[in-house]
Amino acid sequence: MTSGPPRLSVPRPYGLYLHVPFCVRKCGYCAFFSEPYQEATAAAWLQRMEQDLRTLPVGFQPDTVFWGGGTPTVLETELLQRLLEALHAHVDLSRVTEWTVEANPGTLTEEKAGLLRQGGVNRLSIGAQSFCSATLHRLGRIHTNVQIREAVEWARSAGIHNISLDLIYGVPGVPLEEVQADVAAAQSLEPSHLSCYALEVEEGTPFAEAHRMGGLELVEDDQRRQYEWIRHTLGEAGWTHYEISNFARSGRECRHNLLYWMGGAYIGLGPSAHSHWNGARWGLTATLPVWSRAFEETLPPEAKACETLVMGLRRLQGWGREEFRSASGFDYDALRGPEIDALVHDGLLLRGPDRIRLAPNALFVSNAAFSELV
Ligand code: SF4
């Protein structure tokens, strides 16, 4: 990565993403870039990450930090410690309000939780996915439901109180009752954030192969029913449904992900990571032990604004006219007025005097609405 322009030209807030490209083994549904953890490869990756951290723009002071993957918590304590030290050595972290690390319950330990907290991490995003042993096994997860509970406990005792849990619904053959039990189990752990994702079949995954062979068929009606139940139940329980798949306790919305949804700036380091910085965006190759730029582009302002429009509509509050103008430089009606009207007519968008947002019945089929706008 080359040095970018000084931070003053980039509006706040902005973020830093680090991709940790290792897992114990691949889950059947996962298309994120990761390889089986090997100490030697991880050490080489870390060395390169240390170099890349030195190339951040002059004056770079992120508001949010996010370690994703892959499985950041698969790193041995010594490597975790080195990564934390590298961050503190090369990045001015004085403005960071949210520092998230993704954790797999099968790889978190009490010691790692303590280390992360001491290093400044204040939010853990734990991939629970299910509390049912058979479903965890089918998904290819490496952990048990007991380990999910332990992970939450260790995070709390280390002093990390902002905890998010991921759940997957819509697994073929899994009845609504099981999803209900998962949501109840997740709520009983009192996280501050819940992400509920419909299972998808992603190209290049074992599930895609099973799908091709006729062994895995997603049932859209079941997925929709489960999604509507989750939405309704969490809403009744006082959760803020703030993005299509995300629910938060008051003030606990994920600030880093909000950057992505609102067209904000961020720099991503590590293989397969993406960046959006000062109007340009680029992606890095999904390769180890070295990686390079896969592409770089600067979208024309109108195309960029359309993208921001669509991403921001993932938020349940949608876009206020002024908010969108200041995020994109465009009025949404000048940009896509007829398309917006058509979606309002079809019942997929709601329009207030100075706000547009997805209609409740469009949340499950948001891509259909979004394709009209880009
Ligand atoms: S642990 Fe997470 S990143 Fe790794 S394969 Fe499973 S879902 Fe993907």
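Let me begin with the lining of the largest cavity, whose residues divide into eight nonpolar, one polar and one charged. I should say straight away that this is a predicted model, and that a search of the whole structure finds one cavity of 30 Å³ or more. About 50 Å³ of space lies in that largest cavity. If you would like to find the place on the screen, look for Gln-129, Leu-167, Ile-168, Tyr-169, Val-179, Asp-182, Val-183, Cys-196, Tyr-197 and Ile-230, which line the largest cavity. The elements that give two or more residues to this lining are β7 (162-169), α6 (176-188) and β8 (193-198).

Now I will turn to the helices. Two packed helices are described by the angle between their axes and the distance between the axes.

I will take helix α10, residues 301-312, and helix α12, residues 332-345, which pack at an angle of about 70 degrees with their axes 10 Å apart. That angle makes α10 roughly perpendicular to α12, and the crossing of the two is right-handed. On the α10 side the contact is made by Glu-302, Ala-305, Cys-306 and Leu-309, and on the α12 side by Tyr-332, Leu-335 and Arg-336. By class, this contact of α10 with α12 has five nonpolar residues, no polar ones and two charged ones.

What is the angle between α10 and helix α11, residues 321-328? It is about 135 degrees, and the axes of α10 and α11 are 10 Å apart, which makes α10 oblique to α11. Here too α10 passes α11 in a right-handed crossing. Ala-305, Thr-308 and Leu-309 of α10 make the contact with Phe-324, Ala-327 and Ser-328 of α11, and the residues of this contact divide into four nonpolar, two polar and no charged. Please notice that Ala-305 and Leu-309 of α10 appear in the contact with α12 and also in the contact with α11.

Finally, α12 has a contact with helix α13, residues 366-373, where the two helices pack at an angle of about 155 degrees with their axes 9 Å apart. That makes α12 roughly antiparallel to α13, and α12 passes α13 in a right-handed crossing. Arg-336, Glu-339, Ile-340 and Leu-343 in α12 meet Ala-369, Glu-372 and Leu-373 in α13, and by class these residues divide into four nonpolar, no polar and three charged. Arg-336 of α12 is therefore a residue to look for twice, because it belongs to the contact with α10 as well as to the contact with α13.

Note on methods. Residues are numbered from 1 along each chain as its sequence is written. This is a predicted model: local features need pLDDT of at least 70, side-chain atom pairs count only at pLDDT 80 or more; totals for chains, interfaces and linings use all residues. Side-chain values use heavy atoms; hydrogens and water are left out. Axes are lines fitted to C-alpha atoms, for helices over the stretch in contact, and angles run from 0 to 180 degrees between N-to-C directions. Helices (H or I, at least four residues) and strands (E, at least two) are DSSP runs, numbered from the N terminus. Angles under 35 degrees count as roughly parallel, over 145 as roughly antiparallel, 65 to 115 as roughly perpendicular and the rest as oblique. A crossing is left-handed if the near helix is turned anticlockwise from the far one by less than a right angle, and right-handed if clockwise. Contact means heavy atoms within 4.5 Å. Ala, Val, Leu, Ile, Met, Phe, Trp, Tyr, Cys and Pro count as nonpolar, Asp, Glu, Lys and Arg as charged, and the others, Gly among them, as polar. On a 1 Å grid over the protein atoms alone, a cavity is a set of points where a 1.4 Å probe fits but cannot get out, and a pocket is an open set with protein on both sides within 12 Å along at least five of seven lines; lining residues have an atom within 4 Å of a point. Grid points are joined across faces, edges and corners, and a volume is the space filled by probe spheres set on the points.
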